[in-house]
Amino acid sequence: MNAQASVPVLVRRAAAPEDAARADFYALLSRLFHSPPDGALLASLAAAGPIPADGDPELSRAWQALVDASSAMDEDAALDEFEGLFIGTGKAQVSSYAGFYGGAPAIDHPRVRLVNDLARLGLGRPEAVTEPEDHYAGLFDVMRVLAAGGAGRDPAPLAEQRKFYQAHVEPGIAKFFAAVASAPGANYYRRIAAVGAAFAALESESFRLE
Amino acid sequence: MKAIKKTTDRRKFLLAAGLGTAGVAAAVVARAPKAGAKVAAADAAQPDGYHASAHIRKYYKTTEV
């Protein structure tokens with residue numbers, strides 16, 4: 001008889017290719033709105049392949065513009081632009097918080113609902129993170145986890161993804177990307193916003209298909 | 001049956017949009033280990049204690065003469 005204790009093997013459901021791709025877009029957007037790209041990320045973006053032109057033309061064009069801009073950008077310039085746009089000593093040029101775009105009444109602030117929904121999904125801020133939960137970097141990261149799983153989780157059912165997206169991401173996302181794109185200090189981030197807007201339009205449309 | 005058809009439609013829509021086949025963002029995320037901020041679900045690399053946050057760095061810049 002084998003004395004070895006049996007070790008349970010966890011089999012996780014792999015994300016479908018299109019959902020893995022969605023998760024990667026969310027990961028990238030989360031990273032770029034969390035902090036400016038460093039040299040390694042800029043180099044990766046500059047070397048990225050194209051999105052086929054027979055796919056979504058908006059996403060394809062926006063992606064190519066970002067790839068092209070990434071080869072001309074350096075991390076110091078990216079840091080300056082990021083701080084100019086999103087970090088204000090008084091008031092930032094562009095708010096990164098969903099509550100700002102969705103309208104935030106004092107009672108039933110969207111963040112209260114968000115915190116409740118995150119708890120229901122078993123997600124929350126790591127202790128070291130001090131940003132409020134409705135920062136778009138955090139919301140994109142939640143969508144990444146829901147779409148592809150991770151941290152010991154399976155991908156969330158589509159209905160759950162759609163519910164979170166429509167409650168917390170979709171209401172203000174077009175306004176957020178438009179605010180980034182039209183900010184006077186935006187140059188490289190205008191390209192990121194264009195990719196984000198094209199991707200979010202696809203997400204919104206795809207969730208309406210079911 | 002209807003639900004299966006709708007799921008298929010959604011998959012077709014996303015694949016036709018170029019997601020899933022190109023894998024371009026995947027390549028970026030894979031090559032740049034720090035891509036993916038992991039703000040919500042895992043650790044964000046924030047040092048403990050005092051550190052020069054972006055807000056602090058920006059404030060310092062405004063005080064330069």
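On one side of helix α6 of chain A, the residues A:N116, A:A119 and A:R120 are exposed, where exposed means 12 or fewer other C-beta atoms within 10 Å of a residue's own, buried means 20 or more, and C-beta atoms are placed from the backbone. This is a predicted model, in which local features need pLDDT of at least 70, side-chain atom pairs count only at pLDDT 80 or more, and totals for chains, interfaces and linings use all residues. Residues are numbered from 1 along each chain as its sequence is written, while chains are lettered from A and ligands numbered from 1 in the order in which they are written.

Now turn α6(A) around. Its buried residues are A:P110, A:L114 and A:L118. They cover an arc of only 70° around the axis, which puts them on the same side of the helix; the arc is taken from the directions from the helix axis to the C-beta atoms. An α-helix has 3.6 residues a turn, so residues three or four places apart point the same way.

What do the buried residues of α6(A) pack against? Their partners are α5 (98–102), α7 (136–148) and α8 (158–182) of chain A. After α6(A) comes A:G122, with a positive phi near 75°.

Two of those partners also meet each other: α7(A) and α8(A) pack at an angle of about 150°, with their axes 11 Å apart. That makes α7(A) roughly antiparallel to α8(A), a label for angles over 145 degrees. Among the residues making the contact (C-beta atoms within 7 Å) are A:L139 and A:M143 of α7(A) and A:F164 and A:H168 of α8(A).

Notes:
Helix = DSSP H or I, 4+ residues; strand = E, 2+ residues; numbered from the N terminus. Contact = placed C-beta atoms within 7 Å. Axes fitted to C-alpha atoms, helices over the stretch in contact; angles between N-to-C directions. Parallel < 35°, antiparallel > 145°, perpendicular 65-115°, else oblique.
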